[in-house]
Amino acid sequence: METPVYKFEPEDYDDVYEPAEDTFLLLDALEDEQEAIKNRKPLLCVEIGPGSGVVISAIGKCFPAGQTHCMAFDINPAACRMTHRTSQLNRVSVDAVNMDLLGGLQSHAVDLLVFNPPYVPTQPSDDGSLEEHADEFRSAGGRALIHSWAGGTDGRAVTDRMLSDLERVLSPAGVLYLLLLKENNPDEVLENVRRSGFLGQIIKERRIRGEHLFVLRIERKRSEGNVPS
C-alpha cells in the first residue's frame with residue numbers, strides 16, 4: 001500500500017495531528033490486509049478521525065476510480081480541510097465531513113471502517129471529559145490538539161462510544177480496523193465485542209518509544225451471505 005504524500009503548512013501543526021508511528025502501523029496493517037479488503041468489494045469506506053487524511057487517501061488509492069466511496073469524519077474542521085487537501089494531492093476522491101463519530105450514517109452502511117482514536121489515558125478535565133468536542137475546536141480556533149490523543153481515564157472514552165454504535169453501522173460483510181494502546185486493554189475490548197456477536201483478533205502490534213500499539217480486526221460473524229469471495 002503506497003503511503004500518500006501530504007503537506008503541512010506551519011500553522012497546521014497547531015491544529016492537526018501529524019502522521020506518526022501509530023499512523024504508519026495502521027497503514028502497515030492495512031497493507032497486510034489489502035487483498036482481503038479488496039476481496040470484500042467494499043462500497044463505502046469510512047475513517048473516523050482522519051487527521052491529515054493519509055490513511056483514508058491510502059485506502060482510496062487501492063481502488064479504481066468509482067469502485068468505492070471513501071469518506072472521513074472528523075469533529076475537528078481543520079482536520080477535514082487537511083484531509084481534503086491530502087486527497088487532492090494524491091488524486092483520490094474523499095468526502096471529508098465535520099461530524100462526531102458515526103451518528104450521521106445510515107444503518108448497516110459501512111463496509112470498511114478504520115479508526116485511530118484518541119487513546120492516551122488521561123485524567124478528566126474540570127468539565128469531566130477529555131473527549132473531542134466541536135465547541136472546543138471552534139472556540140479555540142482549532143487549537144485543541146489535545147483532543148486528538150487524550151482518551152480519558154483508560155484511554156477508551158471515544159473508542160467505547162464508537163464500538164457501542166458498531167452493530168448499527170457495520171454492513172453484513174463489514175470490517176473494522178482499530179488501533180489501540182496496551183493500556184487500553186485490547187483483550188478486554190475483544191472480549192466485549194465478542195459478547196456483542198462479533199469476531200475480533202489482534203493482527204499487528206509494535207513497540208515504539210515507550211508505547212505498545214495494537215491493530216485489531218473486528219467483523220461480524222460469518223455466514224453464507226457475508227463471506228467475502
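**Notebook: first look around the chain**

I started with burial: 52% of the chain's 229 residues count as buried. A reminder to myself that this is a predicted model, so every value below is computed from it.

**Overall layout.** I looked up the secondary structure next and found eight helices and seven strands in the chain. Then I checked how the contacts are spread along the sequence. Taking contacts with a separation of 6 or more, 76% of them join residues 24 or more positions apart. For the surface, I noted an accessible area of about 10,600 Å² for the chain. Carbon and sulfur atoms hold 47% of that area.

**Cavities.** How many cavities of 30 Å³ or more does a search of the whole structure find? I got two. I picked the second largest cavity for a closer look, and its space comes to about 40 Å³. Its lining is made up of Met1, Gln34, Ile37, Lys38, Ile59, Cys62, Phe63 and Leu112. I sorted that lining by type and got six nonpolar residues, one polar and one charged. Which helix gives the most to this lining? My note says helix H2, residues 34-39, with three residues.

**Glu33.** Since I was at H2 anyway, I stepped back to the loop between helix H1 (21-32) and H2, where Glu33 sits. Is Glu33 buried or exposed? Its relative accessibility is 12%, and the cut-off for buried is under 20%, so I put Glu33 down as buried. Leaving out residues up to four places away in sequence, I listed what Glu33 touches: Tyr177, Ile203 and Arg217. With Arg217 there is also a polar contact, side chain to side chain, at 2.9 Å.

**Asn98.** My last stop was strand S3 (residues 94-98), which holds Asn98. I looked up its relative accessible area and read 36%. Partly exposed runs between the 20% and 50% limits, so Asn98 goes down as partly exposed. Which backbone oxygens lie 3.0 Å from a polar atom of the Asn98 side chain? I found the one of Asp74 and the one of Ile75. I also checked Asn98 against Arg81: they are 17 residues apart in sequence, and their C-alpha atoms are 9.3 Å apart in space.

**To keep in mind.** I now have two residues to point to when I reopen the model: Glu33, buried, with its side chain in polar contact with that of Arg217, and Asn98, partly exposed, with the backbone oxygens of Asp74 and Ile75 each 3.0 Å from a polar atom of its side chain.

Technical notes:
Residues numbered from 1 in each chain as written. Predicted model: local features only at pLDDT ≥ 70, side-chain atom pairs only at ≥ 80, totals over all residues. Heavy atoms only, no water. 1 Å grid on protein atoms, 1.4 Å probe; cavity = no way out; pocket = protein on both sides within 12 Å on 5 of 7 lines; lining within 4 Å. Points joined across faces, edges and corners; volume = space filled by probe spheres on them. Helix = DSSP H or I, 4+ residues; strand = E, 2+ residues; numbered from the N terminus. Nonpolar A, V, L, I, M, F, W, Y, C, P; charged D, E, K, R; others polar. Buried < 20%, exposed > 50% of the residue type's maximum accessible area, 1.4 Å probe, protein only. Contact = heavy atoms within 4.5 Å. Areas by Shrake-Rupley, 256 points an atom, 1.4 Å probe, with all protein chains shown as cover. Polar contact = N/O pair within 3.5 Å; in protein donor to acceptor, adjacent residues only side chain to side chain.
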